[in-house]
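Work through these exercises with the model open beside you. Try each task before you read its solution.

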Amino acid sequence: MESTISPRKAVIVGAGPVGCLCAMSLAKMGWIVEVYEGCPDMRLPSSKAAAQQRSINLAMSSRGIAAIHAIDPGAGDRFLRAAIPMRGRMIHDSMGNASSQFYDRDGQFINSIDRALLNEDLLEEALAVPNITVFFSKKILSIDFDSRFLNVQDVDSHKNISVPFDLCVGADGTYSIVRRQLMRVVRMDYMQEYIPHEYIELKMPPGPPSGESGEPTFQLDPNHLHIWPRHSFMLIALPNKDKSFTCTLFAPTEEFAKLASPEATLEWFRAQFPDAVALIGEDALLHDFEKNPRCSLMSIKAKPYHYKDCAIILGDAAHSMVPFYGQGLNCGLEDVRVLDLLLHKENVDPRTRPQPDEQDSNLTRALQQYSDSRYEDLITISDLAMDNYTEMAHSVTTPSYLFRKALDNILYSLSSQGPSSIHLTGSQENPFPTKWPGGWLPQYTMVTFRPDVSYATVKRKITRQNEILNAAGWVGAVLSVGTIAVASISLLRHWRK
């Protein structure tokens with residue numbers, strides 16, 4: 001039996017983008033939402049200074065935008081005002097030459113956005129919702145899921161408080177305390193893997209003022225994601241609104257170990273990225289290389305993601321992945337969209353409370369469905385992200401990659417009509433309404449621009465397309481664009497049989 005009382009309370013651990021969007025989702029359903037964040041308020045000047053030292057710029061794609069639109073249709077448009085569209089990759093070779101590779105035949109693009117700006121904007125959106133309260137500098141010590149209490153310590157006063165809840169959402173990142181506490185009550189399969197690479201961020205300053213406005217300029221084309229692929233390591237650069245670029249060096253730990261002195265560092269950068277060194281500046285490069293932290297890269301896989309009707313983990317807490325497909329945040333925001341849809345589908349009502357020692361059967365089903373249906377997608381994108389490092393650091397310069405990309409685009413053009421981007425709402429019954437997209441589609445297009453297609457479906461689609469290419473038996477033998485076009489028509493006939 002259930003009784004109608006005041007709305008139930010959801011506590012969210014973590015005030016990052018995923019936590020803030022989830023707070024908005026639950027609050028709009030009628031939950032009383034409290035967000036607990038271990039760090040100080042990110043809007044404080046002291047917090048901004050710390051954040052500038054460690055923050056891989058975000059590449060917001062259609063999946064993340066669709067998720068925000070599903071929760072708050074107006075918010076996505078507001079966030080994109082601070083973003084810069086990137087229509088493709090700009091590949092820089094060791095001689096300083098650059099070549100463009102567009103992401104999509106229809107001109108679709110991903111968006112470069114500063115992580116801190118996105119987080120602050122989402123926080124402000126969340127705080128504007130009346131039934132959301134955010135508490136900063138609150139460290140979670142332990143969680144009793146069955147009794148439904150958080151044990152929280154105030155970082156400044158060191159006082160402990162007990163916080164009751166009806167639903168606990170862990171959106172607290174890779175080193176999630178909620179996930180660790182769940183492991184005490186759930187038989188969770190868990191895998192953590194460090195890759196033998198680290199990263200460090202550098203800053204490319206704006207260029208000198210130009211024209212009558214006297215405003216600074218971009219030193220590189222701002223509508224590209226710039227990559228300096230060097231086989232086992234790479235440098236990337238994403239544009240910022242202030243005309244600077246955030247550069248990130250990804251390299252094996254053993255490669256970083258060679259850079260033990262300023263002289264060795266400069267010599268290595270000059271040899272590998274001469275054009276980037278000239279734009280960053282040698283003094284600025286050495287300063288950032290010495291002062292900015294060197295960070296590790298980790299992949300986490302877990303299952304299940306929930307416990308009964310009282311807890312669930314989302315975002316990096318459930319599936320931390322390497323950043324090479326630009327899907328980490330997009331996938332985390334999509335988690336919120338999927339959960340939101342399942343809660344609505346199961347008619348979860350925060351205004352009704354189960355009797356003591358009883359579960360909310362609707363909420364239990366929704367969380368169970370989330371764990372069951374989301375797992376394959378999350379494993380798939382985690383693996384694709386790992387694979388994409390090879391593509392970005394090496395394959396983008398090889399003839400076989402360029403040939404396959406040209407072939408994919410021709411088959412795509414011959415078999416598909418119109419832009420492939422799909423805009424979703426929060427009202428459809430299935431989070432991924434397109435079970436099998438028609439025509440030939442490049443993998444990047446499906447992952448990045450098709451939020452209506454699940455990651456698992458992308459993998460199955462690509463496997464099928466690869467089988468068709470392998471069955472044709474001539475991949476790699478085509479040497480001219482004209483031959484590609486003729487062979488593409490033959491392939492399409494085979495595809496349609």
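**Exercise 1. A first hairpin**

Task: Find how strand E11 and strand E12 pair, and over how many bridges.

Solution. This is a predicted model. Start with E11, residues 149–154, and E12, residues 160–164. The two strands pair in the antiparallel sense. Five bridges join them. Take one bridge as a check: Asn-151 has Ser-162 of E12 as its partner. Now look at the turn. Five residues lie between the strands of this hairpin, and His-158 takes a positive phi near 65 degrees.

**Exercise 2. A second hairpin**

Task: Which residue of the hairpin of E6 and E7 takes a positive phi?

Solution. First locate the strands: E6 covers residues 88–92 and E7 covers residues 98–102. They are antiparallel and share five bridges. Across the pair, Ile-91 faces Ser-99 of E7. Then step into the five residues between the strands. The residue is Gly-96, with phi near 90 degrees.

**Exercise 3. The seven-stranded sheet**

Task: Give the strand order of the open sheet of seven strands, and find which strands are at its edges.

Solution. Read across the sheet: E7-E6-E15-E16-E17-E14-E18. The pairing is mixed. E7 and E18 are the edge strands, each pairing on one side only. On average, neighbouring strands are turned by 30 degrees against each other, direction ignored.

Next, take the pair E14 and E18. These strands run antiparallel and are joined by eight bridges. Within the pair, Glu-198 has Ser-296 of E18 as its bridge partner.

Finally, add the helices. Helix H10, residues 282–291, lies across E14 and E17 and runs at about 150 degrees to E14. H13 also packs on the sheet, where it touches E6, E14, E15, E16, E17 and E18. Its direction makes about 155 degrees with that of E18.

**Exercise 4. An aromatic pair**

Task: Classify the ring pair of Tyr-199 and Phe-250 as stacked, tilted or edge-to-face.

Solution. A pair of aromatic rings is described by the distance of the centres and the angle of the planes. The structure holds 17 aromatic pairs. In this one, the ring centres are 5.9 Å apart and the planes stand at 45 degrees. Stacked needs under 30 degrees, and edge-to-face needs over 60. The angle is 45 degrees, so the pair is tilted. Now place the two residues: Tyr-199 is in strand E14 and Phe-250 in strand E17. They are 51 residues apart, and the pair links distant parts of the chain.

**Exercise 5. The six-stranded sheet**

Task: Why do E9 and E19 each have one side without a neighbour in the sheet?

Solution. Write down the order of this open sheet of six strands: E9-E3-E2-E13-E20-E19. Its pairing is mixed. E9 (132–135) and E19 (306–307) stand at the edges with a single partner strand each, so one side of each has no neighbour.

Move inward to E13 (residues 167–170) and E20 (residues 311–313). They pair in the parallel sense over three bridges. One of the partners is easy to find: Cys-168 pairs with Ala-311 of E20. Helix H1, residues 17–29, packs on the sheet and touches E2, E3, E9 and E13. The direction of H1 makes about 170 degrees with that of E2.

Now check the loops beside the edge strands. Ser-137 lies between E9 and strand E10. Its phi is positive, near 55 degrees, though Ser-137 is not a glycine. Pro-304 lies in the loop between E18 and E19. The peptide bond from Lys-303 to Pro-304 is cis, with omega near 0 degrees.

**Exercise 6. Two helix pairs**

Task: Are H4 and H5 roughly parallel or roughly antiparallel?

Solution. H4 covers residues 73–80 and H5 residues 115–127. Their axes are 11 Å apart, at an angle of about 150 degrees. Over 145 degrees counts as roughly antiparallel, so H4 is roughly antiparallel to H5. The crossing is right-handed. Ala-75, Arg-78 and Phe-79 of H4 meet Leu-118, Asp-121, Leu-122 and Glu-125 of H5. By class, that contact has four nonpolar, no polar and three charged residues.

Repeat the steps for H12 (residues 328–345) and H13 (residues 361–393). Their axes come within 9 Å and cross at roughly 150 degrees. H12 is therefore roughly antiparallel to H13. This crossing is right-handed. The contact includes Val-338 and Leu-342 of H12, and Tyr-370 and Leu-378 of H13. Its residues divide into 11 nonpolar, two polar and four charged.

Definitions and conventions:
Residues are numbered from 1 along each chain as its sequence is written. This is a predicted model: local features need pLDDT of at least 70, side-chain atom pairs count only at pLDDT 80 or more; totals for chains, interfaces and linings use all residues. Side-chain values use heavy atoms; hydrogens and water are left out. Axes are lines fitted to C-alpha atoms, for helices over the stretch in contact, and angles run from 0 to 180 degrees between N-to-C directions. Helices (H or I, at least four residues) and strands (E, at least two) are DSSP runs, numbered from the N terminus. Angles under 35 degrees count as roughly parallel, over 145 as roughly antiparallel, 65 to 115 as roughly perpendicular and the rest as oblique. A crossing is left-handed if the near helix is turned anticlockwise from the far one by less than a right angle, and right-handed if clockwise. Contact means heavy atoms within 4.5 Å. Ala, Val, Leu, Ile, Met, Phe, Trp, Tyr, Cys and Pro count as nonpolar, Asp, Glu, Lys and Arg as charged, and the others, Gly among them, as polar. Two strands pair if DSSP finds at least two bridges between them. Rings of Phe, Tyr and Trp (its six-membered ring) pair if their centres lie within 6.5 Å; planes under 30 degrees apart count as stacked, over 60 as edge-to-face and the rest as tilted.
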